[in-house]
Amino acid sequence: MIEYERLHPPSDEVVSHRHSIAFWIAVGVAEALLFLAVLPLLLFYLIYYQDGFDWNLHNRYTTMLNVHPLTMVVGFIIIYSQGVLVYRVLPFPKLIVKVTHGLIHGGVAVCIIIGLIAVIKFHNTYSLSSLYSLHSWIGLATVIGFGLQFAVGLTTFNSLVPAQYRTLVLPFHRFSGIAIFGLAVVACLTGLQKNVVYDMANDNSKHLCKEWNGSVCLTKWKYSEKSPEGTVVNCLGLAICLAVAVVVFVATRADWKQTKPTDAAGKVGEMISPVGRN
């Protein structure tokens, strides 16, 4: 027992955050907001107020366009969050965590591709203008930023690249990861806002009417009247902001970094970065 304590001396520096109730509460709150607030509200909004999903473009409102907000929010908010949190939560060796991080972001990439195909096909089908709104500009910047970040991650953080170069790039990789996350939030919020305002002005569906007579909308909701659709979108946007805020808090709090166990000499191991110990 004495020999064990000599080889593994106690140290406050190596106490894992897994013993912190606050850490797990924060992670639980983040996941609850993502899967019990953001995802249900998103599905309810797209299915009830936007008539679901239709790859065949039957009409202007029940189209594959709805796949765009679905895949972008799921990819850039829900799945991306898991990629950020994985370095704080998984108790596995660095290589396993790194591969998991890459696979998760591969899932984000798949969502982005599907979402882009949906919106491009929709705009082309109805000969609509593209890339004119603030949402489209921020969204495009976010997609390009993610693509560059993903490419740098794949080509830089592997054993073929010298350690000193990886060390040089790592701070920028961490920062850009969080920055892209923030841009994604802004893109999602502006896209949802644009969608609901457009609906208020152009859609005569039953769920947007205050007074419905058989098949005719007599009186429409106005956005300024705190319409039900607008309220749902506002709640969804607020849930996205809160979820991402908690995820970033967990990822950037220094004393919640994972630490390697002490080695045989009792030295403290390296810390694992919140957005990637690459």
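In this predicted model, helix H2 meets helix H3 through a long list of side chains: Phe-23, Trp-24, Val-27, Glu-31, Leu-34, Phe-35, Val-38, Leu-39, Leu-42, Leu-43 and Leu-46 on the H2 side face Pro-69, Leu-70, Val-73, Val-74, Ile-77, Ile-78, Ser-81, Gln-82, Leu-85, Arg-88 and Val-89 on the H3 side. Sorted by class, this contact comprises 18 nonpolar, two polar and two charged residues.

Two packed helices are described by the angle between their axes and the distance between the axes. For H2, which spans residues 21-49, and H3, the axes come within 11 Å and cross at roughly 170°. Because angles over 145 degrees count as roughly antiparallel, H2 is roughly antiparallel to H3.

Helix H3 covers residues 67-89 and includes Val-86. Val-86 has a relative accessibility of 5% and therefore counts as buried, the cut-off being under 20%. Leaving aside residues up to four places away in sequence, Val-86 touches Val-97, Thr-100, His-101, Ile-104 and Gln-258. One of these partners, Thr-100, lies 14 residues from Val-86 in sequence, with a C-alpha to C-alpha separation of 7.7 Å.

The loop between helix H4 (94-125) and helix H5 (134-156) contains Ser-127, and Leu-131 is also placed in the loop between H4 and H5. Ser-127 has a phi near 50°, a positive value in a residue other than glycine. For Leu-131, likewise a residue other than glycine, phi is positive and near 55°. Is Ser-127 buried or exposed? Its relative accessibility is 66%, so Ser-127 counts as exposed.

Methods. Residues are numbered from 1 along each chain as its sequence is written. This is a predicted model: local features need pLDDT of at least 70, side-chain atom pairs count only at pLDDT 80 or more; totals for chains, interfaces and linings use all residues. Side-chain values use heavy atoms; hydrogens and water are left out. Helices (H or I, at least four residues) and strands (E, at least two) are DSSP runs, numbered from the N terminus. Buried means under 20% relative accessible area, exposed over 50%, partly exposed in between (1.4 Å probe, protein chains only). Contact means heavy atoms within 4.5 Å. Axes are lines fitted to C-alpha atoms, for helices over the stretch in contact, and angles run from 0 to 180 degrees between N-to-C directions. Angles under 35 degrees count as roughly parallel, over 145 as roughly antiparallel, 65 to 115 as roughly perpendicular and the rest as oblique. Ala, Val, Leu, Ile, Met, Phe, Trp, Tyr, Cys and Pro count as nonpolar, Asp, Glu, Lys and Arg as charged, and the others, Gly among them, as polar.
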